[in-house]
Structure formats: structure tokens, C-alpha cells
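Work through the exercises below with the model open. Each task is followed by its solution.

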Amino acid sequence: ENESSTSKTFILAQDVCFLFNRSVCSSQMVVSENGRKAEKRDPAAFYAYGVTYSSRPLQGTVEFEVEIVSYGTGWSGTLKLGVMRCKAGQMPKEIPRYSPEGAEHCVWSADKVYNRLSVTSKGEGGSLERNYGKVNLDDLREGDRLGFRLTSDGVLVFFVNGKYQGVAADSIYQKGWDVYTVVDHYANCRSTSITRAVMQADLNLQRRCTELLALWLKTERAVDNLPLPVRLKEQIQQLCTQP
């Protein structure tokens, strides 16, 4: 087993490299803040229709986390999180009313995992519900964080406020299928913001681009003039000073 399969903490550098999908989401959802925030239009009137997906398919080892930004409507229930699988290159034409009942969805809701993936490690799947987690998601409130890690070999584990909750599912990745995150703003969950959304492949690309920039630039002064985030310029400067 590799580290991503066994570690009980987040292992990738915290970053936001992908966002919410603006065009593929429930009719009640509005995506803002350049794709980092998702909010219900009328949460008091609709307990369901809060499903959102990631802006691009997941690849390799992935870590994702959202924070509940706004909570409370008088409904029963709250945030749900998981993954959705669809044929490669084909986003779903119909979005479920709420995620646990969606075909090809695997979602943690309250104290259960609802796995509707049609292909599993044992062949044909279908529908599986089982108790899961050390906490009940219905107890989450504003400021709480819910996340997951999906390993390169398709093992899905969840975290609540950074605390490991155990293996929820496996064999998520299958040939011919794309995988996306699912964030379901159900009932009392009015809005969320992405705090972590990173793939190992993104970090590898960032590192390679930084190395190439450092090779091209000859002085720290030149680095200072680049229109880049401060953190990235600091990394380039460090590389520039290495022999």
C-alpha cells in the first residue's frame, strides 16, 4: 500500500487547483468568487436541488475539502459530499434532486455512505447503503469543514475538520469513466467555500513550471518583476539560489 492509501491525514500541499462547475449544477445553485463558492438561491424554500460538481475530472491522488460558510434554514439535514462517475467526456444530462439517490454517485450523507456506482471491485454494482463515519454530518454547522482523499488506486476516505473517518469505498476509478466531486448543499447548508482542491498531477506540473522559470531567470530582481503570486515567486527565488 502507498502512503495515500494508509495516511490518516491530508498529505498533499494545501491549494485550490480546481473549482465548482458553473454550468453543471442544480437549478437552485449559484457559483461565485471565481468558482470557489457555491450558494443556494432560496434555501428557505428548497431543501433539495443543491448539487454541485467539480469543474474538471479527478485524476490520480486527489484531496478536496469545503467549509460551510452559511448554515440554517429550519430544514432537517445538511451538507453531503462524495464523487460522481460518468462516461468519459459526458457530463450527466440529469442532476439528481439530492445526491444520495443519484445514479453513479457515491456520497456520505448523515451517518451512511450511499454507493450507487454500477461498476465496483466485485464487478457489477448497483446500490449499497452502510453505516459510516465517527460523526454524523447532520451535526455539522457553520465553519465546519468536510473533505475527502481519493487515492490513485481509487480508495475514497473522508475527513471532518481534518479528522480521518475511515475508508468509505474503493474502485472509484474505472476505465472509460470520468470522476467528479459532488457537493450537495442539502437542507440547512446554505453555502460552502472550497478550502482545498488539489491533485498530485497539478502539484507535479506546478513544480516543473517553477523549475523551468527558475532556469530561465538569472536574478532575484527579475523574479520580483513577474506578475505572479507572492508564494510562487518565493518558491522560484529559492530555486534560483540553489546550485
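**Exercise 1. Decide whether Asn161 is buried or exposed, or in between, and describe its backbone.**

Solution. Start with accessibility. Asn161 has a relative accessible area of 31%, so it is partly exposed. The classes are: buried under 20% relative accessible area, exposed over 50%, partly exposed in between (1.4 Å probe, protein chains only). Next, the backbone. Asn161 is not a glycine, yet its phi is positive, at about 50°. Last, the location. Asn161 sits in the loop between β13 (156-160) and β14 (163-169). Strands here are DSSP runs (E, at least two residues), numbered from the N terminus.

Two notes on method. This is a predicted model, in which local features need pLDDT of at least 70 and side-chain atom pairs count only at pLDDT 80 or more, while totals for chains, interfaces and linings use all residues. Residues are numbered from 1 along each chain as its sequence is written, and side-chain values use heavy atoms, with hydrogens and water left out.

**Exercise 2. Find where Glu33 lies and give its phi.**

Solution. Glu33 lies in the loop between β2 (29-32) and β3 (37-40). Its phi is near 50°, a positive value in a residue other than glycine. At 49% relative accessibility, Glu33 counts as partly exposed.

**Exercise 3. Work out the strand order of the open sheet and name its edges.**

Solution. Trace the order: β2-β3-β16-β5-β12-β13-β14. That is 7 strands, with antiparallel pairing. β2 and β14 stand at the edges; each has a single partner strand, so one side of each is left without a neighbour in the sheet. From one strand to the next, the twist averages 20°. Axes for this angle are lines fitted to C-alpha atoms, and angles run from 0 to 180 degrees between N-to-C directions. Now take one pair. β2 and β3 run antiparallel and are joined by 4 bridges; two strands pair if DSSP finds at least two bridges between them. Met29 stands opposite Lys40 in β3.

**Exercise 4. Describe the surroundings of Thr195.**

Solution. Place it first: Thr195 is in strand β16 (residues 189-199). Thr195 counts as buried because its relative accessibility is 17%. Then list its contacts (heavy atoms within 4.5 Å). Leaving out residues up to four places away in sequence, Thr195 touches Gln14, Asp15, Val16, Arg36, Glu65, Val66 and Glu67. Finally, the side chains of Thr195 and Glu65 are joined by a polar contact of 2.7 Å.

Technical notes
A polar contact is a pair of N or O atoms within 3.5 Å; within protein, one must be able to donate a hydrogen and the other to accept it, and residues adjacent in sequence count only if both atoms are side-chain atoms.
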